[in-house]
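Please have the sequence and the coordinates open side by side. The paragraphs below go through the model step by step.

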Amino acid sequence: MRIAIASDHAAIDLKATLCDWLIEEGHEVADLGPDTTDSVDYPDYGYKLAAVVADGTTERGIALCGSGIGISMSVNRNPAVRCALVSEPLSAALSREHNDANCLAIGARLTGVEMAKACVTAFLETEFGGDRHQRRVDKLSNPSI
């Protein structure tokens, strides 16, 4: 799967770990930065991530910051993207099954590496349930429906 990953300075270490692990798992990974722990603004990286998911360059996105809150807000500014902030695998799976989430956000200061990997695994392996959920997902991008 083609996956993009972006973070702010607070999540550099988790991003590097997840990038290496995803590549080992056979995924194609686009690291959208940043590359250092120098302070950056999470919206810049959230917008970058949302753009490549929205235009189909990548199939899924992973957004990381200290809490996951700020970067998920910036990613969700793009109407073609549905980013779910999660801290455990059940929420990650439900975000795919019920909401067709195409991005996942995790707080690097709140979630350990193994739990983050479990969340990403659930996110990548769960299919969208469609059916009754589709009309609700359609409304996320088009509130006038």
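What follows goes from the sheet to its inner strands, and then to the helices.

This is a predicted model, in which local features need pLDDT of at least 70 and side-chain atom pairs count only at pLDDT 80 or more, while totals for chains, interfaces and linings use all residues. Residues are numbered from 1 along each chain as its sequence is written, and side-chain values use heavy atoms, with hydrogens and water left out.

Begin with the sheet. Five strands make up an open sheet with parallel pairing, and their order is E2-E1-E3-E5-E4. Helices (H or I, at least four residues) and strands (E, at least two) are DSSP runs, numbered from the N terminus; two strands pair if DSSP finds at least two bridges between them. Strands of a sheet pair through backbone hydrogen bonds, either parallel or antiparallel. At the edges of the sheet stand E2 (28–31) and E4 (83–85); each has a single partner strand, so one side of each is left without a neighbour in the sheet. On average, neighbouring strands of this sheet are turned by 20 degrees against each other, direction ignored. Axes here are lines fitted to C-alpha atoms, for helices over the stretch in contact, and angles run from 0 to 180 degrees between N-to-C directions.

Now take the pairings from strand E1 onward. E1 and E2 run parallel and are joined by four bridges, and Ala4 has Ala30 in E2 as its bridge partner. E1 also pairs with E3 in the parallel sense, over five bridges; in this pairing Ser7 stands opposite Leu64 in E3. Strand E3 (residues 60–65) is in turn joined by five bridges to strand E5 (residues 103–107), and these two run parallel. Across from Ile62 is Leu104 in E5, and across from Ala63 is Ala105 in E5.

How enclosed are these strands? Buried means under 20% relative accessible area, exposed over 50%, and partly exposed in between (1.4 Å probe, protein chains only). Six of the six residues of E3 are buried, so E3 is largely enclosed by the rest of the structure. In a regular strand the side chains alternate between the two faces of the sheet. In E3, Arg60, Ile62 and Leu64 point one way, Gly61, Ala63 and Cys65 point the other way, and all are buried. For E1 the count is five of six residues buried, so E1 too is largely enclosed by the rest of the structure.

Two residues of E1 show what surrounds that strand. Ala6 lies in E1 and is buried, with a relative accessible area of 0%. Apart from neighbours within four places in sequence, Ala6 is in contact (heavy atoms within 4.5 Å) with residues including Lys15, Leu32, Tyr45, Leu49 and Ile62. The C-alpha atoms of Ala6 and Ile62 are 6.5 Å apart, although their positions lie 56 residues apart along the chain as a sequence separation. Ser7, also in E1, is buried with a relative accessible area of 0%. Not counting residues up to four places away in sequence, Ser7 touches Ile12, Lys15, Gly33, Pro34, Tyr45, Leu64 and Ile71.

Turn next to the helices. Ser74 lies in helix H3 (residues 69–75) and is buried, with a relative accessible area of 4%. Among residues over four places away in sequence, Ser74 touches Tyr42, Pro43, Gly46 and Tyr47.

Helix H5 (residues 113–125) lies across strand E1 (2–7), E3 and E5, and runs at about 170 degrees to E5. Its partner in the next contact is helix H4 (residues 89–97): the axes of H4 and H5 come within 8 Å and cross at roughly 20 degrees. H4 and H5 are therefore roughly parallel to each other. Angles under 35 degrees count as roughly parallel, over 145 as roughly antiparallel, 65 to 115 as roughly perpendicular and the rest as oblique.

Which residues of H4 and H5 meet? From H4 come Pro89, Ala92, Ala93, Ser95 and Arg96, and from H5 come Met115, Ala118, Cys119, Ala122 and Phe123. These residues divide into eight nonpolar, one polar and one charged. Ala, Val, Leu, Ile, Met, Phe, Trp, Tyr, Cys and Pro count as nonpolar, Asp, Glu, Lys and Arg as charged, and the others, Gly among them, as polar.

Last comes Glu125, placed in H5. Glu125 is exposed, with a relative accessible area of 62%. Between the C-alpha atoms of Glu125 and Ala93 the distance is 8.0 Å, and the two are 32 residues apart in sequence.
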